[in-house]
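New to this one? Here is a friendly walk through it, one spot at a time.

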Amino acid sequence: MIFNSIPFFVFIALFFPLYFNLKGKARLVLCLAASYFFYGWWDYRFLSLIAFSTLIDYFVGLQLDKTEDAPARKKLLISSMVVNLGFLAFFKYFNFFIDSFQDMLLGMGYEGSMHSLGIILPVGISFYTFQSMSYTIDVFKKEIAVEKDFIRFATFISFFPQLVAGPIVRASDFLPQFQKDREFSWDRVTAGTGQIIWGFFKKVAVADSLAPFVDQCFAAPETFGSLHLLIGVIFYSFQIYCDFSGYSDIAIGLARIMGFDFPDNFKKPYFSRNYSEFWARWHISLSSWLRDYLYIPLGGNRGGTFASWFILVVFMVLTIFLTGWWWLAIIYLLGSVATYFYMKKSDYHHKNAYNYMNLMNTMLLGGLWHGASWAFVFWGFLHGSYQVVQRLCGPLWNNVLDTIKTPKFIKNALAMLLVYASTCFAWIFFRAPDFDIAGQVIVGIGSLEAFNFGAVINKFWVIKGVAVIGILLLVEVLDVQRPLWEAIQQRPVFRVVSFVLLLWAIAFFGSFGANSFIYFQF
Amino acid sequence: MKKLSWIFAVIALFFVGDRIAGWVLQQLTERSQFRYSRLYQQQAEADILLVGNSRGLIFYQPYIEEQTGKSTFNISYNGMPMDLARVLIEDYLDRYPAPKQMILDVTICDRENKALTTGYNMFVPYSPRMYDLLYYNDKNSAIASKFSHLYRYNSEIFQRSIFYLNKSDEDWLIDREINQSMVDGVNDFEMDTIGLIDSVFLHLNVAVKAAVQKGVDVKLVINPYYPAYAARMENLKDLKIRAEQATGLPVRDYSTAVKETKGFGDYQHLNKYGSKLFIDKMIKDGILK
């Protein structure tokens, strides 16, 4: 079931009155049943996957609570990881590796005889798997208490507002909120409704309005001029932002009405002045998950471990063998030699090099988390590279700007532009169906052929796109200046007017084809 | 109770504003020179009615009028499907004296396009037929257009109405020359076959019958394609036969009538120069009188 569909509105209209009229266990059971119904509406067969993950992590949690024996605890953790990551690997990556292996054999002149399976990717598997794993890891590290109530635990894993596309809510944030019944509150209803309407505006009016133009650009880039393609890439940057953050807003708003507080998942990411800031504003629940469960355990910015090397080497070997891009070996070799000499310079450089490796590993795995394709891995590599380059060259860049006495606002604007432009460049690989198409888009833009508005096809889509992006940016800029939401919350009249303005904007600009959310595929 | 009154305030404000904004936009579109605004504002009386999809836009009206001395009205639109064209033709015939001629490019029957119908939401107040078609093609959209008047104007058609607020749309035609890479690559891509759908030809039959009954001289044609592209179209002949069977009228095939490369904007559309060549040919053949 997707939020922007009539069945969802019927579902929610039936759910909320029941939810607020029930108390205690009955309310939890309702939440759980509703969540399974919500997910099962898409494909009931995959309910068994969620149920199995839930059972495994519930019992592992209970066992972890019972034993203090370190090796036994480790075994329990590993068993949970194997099951969760096993499901993820099978459903999300099995075909990818089989197909890549097949291509590699073909490249070497052998006819492979393996067949990829007709595996359907269960919606949201990456989200609920990470949520479930974070619980087990936190219990293992004794950072949270074990949840002994099965219904409560199962509801935490399958909670329908954020089940299929996040935000990935940590057990430490979410489970304590189940301890007592959340009371009905008008303030929560209005705040939640506001966030839901804003989420719908982002999804229906912005993302879905931009989608046709973007789809056309990436379907046959060779047929369009330079400006047309550039607009397509810019539109995609807003499409994916509004599609995903719109979902998060609706999820957070629904949870807020129900009495739960979820952390923000997006904080105006395109206003970032550096790449670290970008990742602190974009898909925050995933980036913080990767930070806490991957980057820091690898050593973070304090240094490195064997795993820092190992993951990187595995990525290098796999990309060379499975893509058949042998020339990569030379680049990797040169990179490794450069890293070796860099590390030899001093302890400071040694520590830095590990930090860069950890960053790169985190971004590569983050890329792979998004989907089983080399394009996503390359997208992660680009973001990893941006962060490494920023750390290497950032001080020099700042010194140059300070030397020529650049005013602060110009410095910020330049930094924002640079981060936005390079993020857009990376989005090309994220969106393009393959590297050839991505290359055509880049070459097409770089050629500067037909770089005039007259050569842009479907100008009416462009006008509508610019209008909705304009509204989005206006609201975000106002919100940066003074937290708009606070002002809206304080004055009921302001709240009514803002709701109505957004509803009008949705009616006037919205695209109502019940288009699925992009992040469902991840 | 006070809280509930705020909910009512949101609902009331939404509907009041929606109706006022809808009324303002309606006033704007009624003043537009865009073809459909003129159709529903009694400003479209013509001797020759021109019908097609984007390929129907190559009927370059100023040149036809100059050469024939007759007035024209073109109801063509990008991606126009036959069911929508049928509604527009019937609405035209209901509102105006019958035109002397109707020239219809039958390649309009090459597809269905239910999504485009929603763009014509804004004409629902003037045409019960349009509402019926919208309801049939997209029930949710039809209901939404009753619920919100602003929603009616959520379309490219509305944007075009604003664009043509103070100017004519009669020279809406590609004014570029097909590029060399397209010319060179004409054999390099996979061609789709035309989907021949029964219901589409049924709409063609109804529209043609309605015009003939009013005494209109209906001419069915296939507008020109880039010749090398036309040669690759597998079932264009089948489309012609189906159109003839559906209407009982002959279809004049001009698919390869324009040979000059510089007469094309792309594979499927003539440019202004090509359009003039095509119109000259139709006049010479007695199709356009």
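## A lysine with an unusual backbone angle

Let's start with Lys268(A), which is partly exposed, because 17 other C-beta atoms lie within 10 Å; a residue counts as buried only from 20 such atoms, and as exposed at 12 or fewer. Keep in mind that this is a predicted model.

Where along the chain does Lys268(A) sit? Look in the loop between helix H9 (226-258) and helix H10 (275-281) of chain A. Its backbone is worth a glance too: phi of Lys268(A) is near 45°, a positive value in a residue other than glycine.

## Two domains in chain A

Stepping back, chain A splits into domain 1 (6-181) and domain 2 (267-450). The C-alpha centres of domain 1 of chain A and domain 2 of chain A are 29 Å apart. Where they touch, 17 residues come from domain 1 of chain A and 10 residues from domain 2 of chain A.

Which elements give two or more residues to the domain 1 side of that contact? They are helix H4 (70-107) and helix H5 (125-140) of chain A. H4(A) provides the largest share of that side, with 9 residues. Sorted by class, the side of domain 1 of chain A that touches domain 2 of chain A holds 9 nonpolar, 6 polar and 2 charged residues.

## A pair of crossing helices

Staying in chain A, find helix H2 (residues 24-43) and helix H6 (residues 150-158): their axes come within 9 Å and cross at roughly 35°. The crossing of H2(A) past H6(A) is left-handed.

On the H2(A) side, the residues that meet H6(A) include Leu28(A), Leu32(A), Tyr36(A) and Tyr39(A). On the H6(A) side, Ile151(A), Ala154(A) and Ser158(A) are among them. Taken by class, the contact of H2(A) with H6(A) has 8 nonpolar, 3 polar and 2 charged residues.

## Where the chains meet

Now for the contact between the chains: chain B puts in 20 residues and chain A 14 residues. On the side of chain B that touches chain A, the elements giving two or more residues are helix H1 (2-30), helix H7 (139-147) and helix H8 (156-163) of chain B. H1(B) gives the most to that side, with 9 residues. The residues on the chain B side divide into 10 nonpolar, 6 polar and 4 charged.

## The two faces of H7(B)

H7(B) deserves a second look. Its buried residues are Ser141(B), Ala142(B) and Ser145(B). They sit on the same side of H7(B) because they cover an arc of only 105° around the axis.

What do these buried residues pack against? Their partners are helix H5 (114-118) and helix H6 (128-137) of chain B. The face of H7(B) turned away from the buried side carries the exposed residues Lys139(B), Ile143(B), Lys146(B) and Phe147(B).

## One loop in chain B, two residues

Last stop: the loop between H2 and S1 of chain B, home to Gln42(B). Gln42(B) is exposed, because 9 other C-beta atoms lie within 10 Å. Gln42(B) also has a positive phi of about 60°, although it is not a glycine.

Asp47(B) lies in the loop between helix H2 (35-40) and strand S1 (48-51) of chain B. It is partly exposed, with 17 other C-beta atoms within 10 Å. Not counting residues up to four places away in sequence, Asp47(B) touches Lys70(B), Ser71(B), Pro99(B), Lys100(B) and Gln101(B). Asp47(B) and Asp217(B) are 170 residues apart in sequence, and their C-alpha atoms are 11 Å apart in space.

Technical notes. Residues numbered from 1 in each chain as written. Chains lettered and ligands numbered in written order. Predicted model: local features only at pLDDT ≥ 70, side-chain atom pairs only at ≥ 80, totals over all residues. Domains from an automatic or database assignment. Contact = placed C-beta atoms within 7 Å. Helix = DSSP H or I, 4+ residues; strand = E, 2+ residues; numbered from the N terminus. Nonpolar A, V, L, I, M, F, W, Y, C, P; charged D, E, K, R; others polar. Arc of directions from axis to C-beta. Axes fitted to C-alpha atoms, helices over the stretch in contact; angles between N-to-C directions. Left-handed = near helix turned anticlockwise from the far one by under 90°.
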